[in-house]
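Please open the model in your viewer and keep the sequence panel beside it. The stops below are meant to be taken in order, each beginning with a selection to make.

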Amino acid sequence: MAGSRLEKFGTVFTRVRDLMRSGVVKESEKPIWYDVYMAFPPKKEPLYVKPVTKVYGKKQVEVPEIFYKEDEIRSKFYEAYGTGPRAFELNKPDFVSNCQRFVEKYTELESRGEVQETALFEATAKAMLAQGVVLRRRGMPGVAPEARDPVLGMSLTDMLAEQQTASPTEQEQDQSAQQTTPLHQT
């Protein structure tokens, strides 16, 4: 009982009294009010009683959902771009995540009114790119497919199949070139 910090279990007086009996609180360290309480105890013991609420029928309390405009923007951001390659650095007090930067830029562009509502998300992404923040869409490669070398996308089986279907004249030219090159003797 002495370890409890709630007034639900016994009163402050009974807890102090028990602490004094067990020797945790010395007689010289007892509270000032202790002797007064012993001399003039209350007529009714001050106990904690949980108030009883009567419920008639099943009444459902509907809690309204609270959504802010920023929450919708964040939801779209995480759906499109994910959390990113790095973890959040919460130990730095001045850390601002890419999502927060995106939300701030979005609200800035929205307040200007220069961009239509439908194109605002993409315009914000382009503005972030102009600031040097690279956002990568989920499930898409980091570089645009048309900017990549087509050889990088080929698989080994495709390359072998292409070599086998090469024209016989190309293969003959390769063989004749190998035969004409002299071997160096050491």
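The tour starts with the whole chain and then moves through selected helices and residues.

**The whole chain**

Begin with the entire protein chain in a cartoon view, bearing in mind that this is a predicted model. The chain contains seven helices and zero strands, so that reading along the sequence gives the pattern α-α-α-α-α-α-α. If you colour by accessibility, 16% of the 186 residues count as buried. Switching to a surface shows an exposed area of about 16,400 Å², of which carbon and sulfur atoms supply 56%. For the contacts with a sequence separation of 6 or more, 43% are between residues 24 or more positions apart.

**The start of the chain: Thr-11 and α1**

Select Thr-11, which sits in the segment before α1 (12-22). Is Thr-11 buried or exposed? Its relative accessibility is 7%, and Thr-11 therefore counts as buried, the cut-off for that class being under 20%. Show its surroundings and, with neighbours within four places in sequence set aside, you will find Thr-11 in contact with Glu-45, Pro-46 and Leu-47.

Next, select α1 itself, where Phe-13, Thr-14, Arg-15, Val-16 and Met-20 are buried. Adding α2 (33-39) to the selection brings in part of what covers these buried residues of α1. Just after α1, pick Gly-23, whose phi is positive, at about 95°.

**α3 against α4**

Two packed helices are described by the angle between their axes and the distance between the axes. Select α3 (residues 69-81) together with α4, whose axes come within 10 Å of each other and cross at roughly 125°. That angle is why α3 is oblique to α4, and α3 passes α4 in a right-handed crossing. Now display side chains: from α3, the contact is made by Lys-69, Glu-70, Ile-73, Arg-74, Phe-77, Tyr-78 and Tyr-81, and from α4 by Asn-98, Cys-99, Gln-100, Phe-102, Val-103, Tyr-106, Thr-107 and Glu-110. Coloured by class, the residues in this contact of α3 with α4 comprise eight nonpolar, three polar and four charged.

**α4 against α5**

Keep α4 (residues 98-112) on screen and add α5 (residues 120-130); here the axes come within 9 Å and cross at roughly 120°. The two helices, α4 and α5, are therefore oblique to each other, and α4 passes α5 in a right-handed crossing. On the α4 side, select Asn-98, Arg-101, Phe-102, Lys-105, Tyr-106, Leu-109 and Glu-110, which meet Leu-120, Phe-121, Ala-123, Thr-124, Ala-125, Ala-127 and Met-128 of α5. By class, nine nonpolar, two polar and three charged residues form this contact of α4 with α5.

**A last stop: Met-128**

Finally, centre the view on Met-128, a residue of helix α5. With 0% relative accessibility, Met-128 counts as buried. Which residues does Met-128 touch, not counting those up to four places away in sequence? They are Asn-98, Arg-101, Phe-102, Lys-105, Val-133 and Leu-135. If you then draw a C-alpha to C-alpha distance from Met-128 to Tyr-106, the viewer should give 9.6 Å, for a pair that is 22 residues apart in sequence.

Key: Residues numbered from 1 in each chain as written. Predicted model: local features only at pLDDT ≥ 70, side-chain atom pairs only at ≥ 80, totals over all residues. Heavy atoms only, no water. Helix = DSSP H or I, 4+ residues; strand = E, 2+ residues; numbered from the N terminus. Buried < 20%, exposed > 50% of the residue type's maximum accessible area, 1.4 Å probe, protein only. Contact = heavy atoms within 4.5 Å. Areas by Shrake-Rupley, 256 points an atom, 1.4 Å probe, with all protein chains shown as cover. Axes fitted to C-alpha atoms, helices over the stretch in contact; angles between N-to-C directions. Parallel < 35°, antiparallel > 145°, perpendicular 65-115°, else oblique. Left-handed = near helix turned anticlockwise from the far one by under 90°. Nonpolar A, V, L, I, M, F, W, Y, C, P; charged D, E, K, R; others polar.
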